[in-house]
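Got your viewer open and a selection box ready? Let's take a short walk through this one, stop by stop.

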There are 2 protein chains.
Amino acid sequence: MRITSSIEYATRLMVTLAAEHGGDPVPAERLAEADNVPADFVSQILVKLRRAGLVTSHRGSAGGYALSRKPAEITLAQVVRAVDGAVFEEVCGRYEVGAKDCRHQGQCAISPVWTKLGELVTRYFEDVTLAAILEQKAGACGAPPEWLEKLASGK
Amino acid sequence: MRITSSIEYATRLMVTLAAEHGGDPVPAERLAEADNVPADFVSQILVKLRRAGLVTSHRGSAGGYALSRKPAEITLAQVVRAVDGAVFEEVCGRYEVGAKDCRHQGQCAISPVWTKLGELVTRYFEDVTLAAILEQKAGACGAPPEWLEKLASGK
DNA sequence: TCCATTCTTGACTAAAACAGTCAGGAATGA
DNA sequence: TCATTCCTGACTGTTTTAGTCAAGAATGGA
């Protein structure tokens with residue numbers, strides 16, 4: 001279980017854009033240098049972020065990328081979904097969960113374990129915003145205690 | 001982010017062995033049938049589980065595999081580590097965290113986000129035991145509320 | 001002792017995912 | 001009209017995943 005380079009890169013790009021929020025659009029090449037990401041790869045990632053509506057782009061000189069909304073309104077979950085499609089993908093052995101071939105359907109003792117894990121991870125990603133990362137708040141850039149309490153008390 | 005087939009298979013095998021705990025050793029082939037896992041793949045997984053000390057094996061007729069200790073004393077974290085080497089692997093862009101080439105070393109705003117996620121996931125895996133899965137306790141087979149409370153209150 | 005059963009080991013392969021790279025084109029603003 | 005910058009899609013090499021396969025060694029029973 002690991003974080004892919006794409007996710008790491010995308011997060012870095014978004015945090016950099018968050019830091020520049022309100023200023024001029026940032027060209028992809030400058031982002032690449034600032035964040036130590038291969039230049040040709042940056043474009044690919046930015047296109048996905050744009051299609052997901054997380055950034056806006058402008059061509060021509062003085063063009064570049066900018067966040068489409070405030071850093072506090074963009075979560076890691078949105079970034080991850082833009083790049084990877086989903087935060088957590090569950091499988092049930094050889095089949096996707098719910099596939100009609102799955103022998104354990106309806107009585108699988110293990111499926112709930114992965115489902116819970118997925119909820120945990122998703123919840124985490126949904127509660128970390130770009131603003132929080134930028135501010136490096138002790139609680140916010142990591143696991144915000146509030147939602148853990150909520151989860152612990154049974155939603 | 002997802003659970004690999006190997007992890008799913010290993011978990012299923014271990015849960016089945018847990019259900020048979022105290023009885024005769026279970027041959028790999030029977031495990032394969034019971035859990036719907038490719039027969040030749042089962043052996044590979046079982047070898048890893050044996051090398052990690054989670055199961056014992058006996059050859060010859062009436063041979064097979066058995067848990068090396070009680071289901072309540074085996075956690076998912078141990079199973080995952082046996083099969084994949086680690087529960088959560090962190091990277092920092094193109095480099096492993098702490099690599100001397102990492103430009104963000106020491107001042108990386110993002111690294112703590114992944115570290116926290118890793119702790120969350122690891123903790124989850126360490127608190128789910130085979131016994132808990134087997135018993136399908138509402139709290140235990142999923143996210144045990146207790147450790148969430150602990151985590152929320154700051155360890 | 002012979003033999004069926006079962007584990008053991010390591011090599012092998014096909015497919016997918018990951019991590020980039022590249023080239024040609026289209027918009028924009030000076 | 002020209003430099004800048006984004007846009008799109010195809011291409012490639014490596015690694016991981018998910019198996020498959022075959023030869024061999026231990027074990028217990030006939």
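This tour goes through a cavity and then a few salt bridges. Keep in mind as you click around that the model is predicted.

**Stop 1: the cavity in chain A**

Rolling a probe the size of a water molecule over the atoms shows where empty space is left. Here, the count comes to 1 cavity of 30 Å³ or more, and the largest cavity has a volume of about 40 Å³. To find the lining, start by selecting Leu17(A), Glu20(A), His21(A), Gly22(A), Gly23(A), Asp24(A) and Val26(A). Then add Tyr65(A), Ala66(A) and Leu67(A), which also line the largest cavity.

Now colour strand E2 of chain A, residues 64–67. Which element gives the most to the lining of the largest cavity? That strand, E2 of chain A, does, with 3 residues. If you colour by class instead, you should get 5 nonpolar, 3 polar and 2 charged residues in the lining.

**Stop 2: a pair in chain A**

Side chains of opposite charge can pair when their charged atoms come close. Over all chains, the count comes to 8 salt bridges. For one of them, select Lys70(A) and Glu73(A), whose side chains meet at 3.8 Å, N to O. Glu73(A) counts as partly exposed, because its relative accessibility is 39%.

**Stop 3: a buried pair in chain B**

Move over to chain B and show helix H1, residues 5–19. Pick out Glu8(B) and Arg12(B): they form a salt bridge, with the closest N and O atoms 3.0 Å apart. How many residues apart are Glu8(B) and Arg12(B) in helix H1? They are 4 residues apart, so about one helical turn separates them.

Are Glu8(B) and Arg12(B) buried or exposed? Buried means under 20% relative accessible area. Glu8(B) has a relative accessible area of 0%, so it is buried, and Arg12(B), at 4%, counts as buried too.

**Stop 4: a link from loop to helix**

Last, select Arg30(B) and Glu20(B), whose side chains meet in a salt bridge at 3.7 Å, N to O. Arg30(B) sits in helix H2 (residues 28–35) of chain B, while Glu20(B) is in the loop between H1 and H2, so this pair ties together parts that are 10 residues apart in sequence. Switch on the surface for these two: Arg30(B) is partly exposed, with a relative accessible area of 40%, and Glu20(B) is partly exposed as well, at 32%.

Conventions:
Residues are numbered from 1 along each chain as its sequence is written. Chains are lettered from A and ligands numbered from 1 in the order in which they are written. This is a predicted model: local features need pLDDT of at least 70, side-chain atom pairs count only at pLDDT 80 or more; totals for chains, interfaces and linings use all residues. Side-chain values use heavy atoms; hydrogens and water are left out. On a 1 Å grid over the protein atoms alone, a cavity is a set of points where a 1.4 Å probe fits but cannot get out, and a pocket is an open set with protein on both sides within 12 Å along at least five of seven lines; lining residues have an atom within 4 Å of a point. Grid points are joined across faces, edges and corners, and a volume is the space filled by probe spheres set on the points. Helices (H or I, at least four residues) and strands (E, at least two) are DSSP runs, numbered from the N terminus. Ala, Val, Leu, Ile, Met, Phe, Trp, Tyr, Cys and Pro count as nonpolar, Asp, Glu, Lys and Arg as charged, and the others, Gly among them, as polar. A salt bridge is a side-chain nitrogen of Lys or Arg within 4 Å of a carboxyl oxygen of Asp or Glu. Buried means under 20% relative accessible area, exposed over 50%, partly exposed in between (1.4 Å probe, protein chains only).
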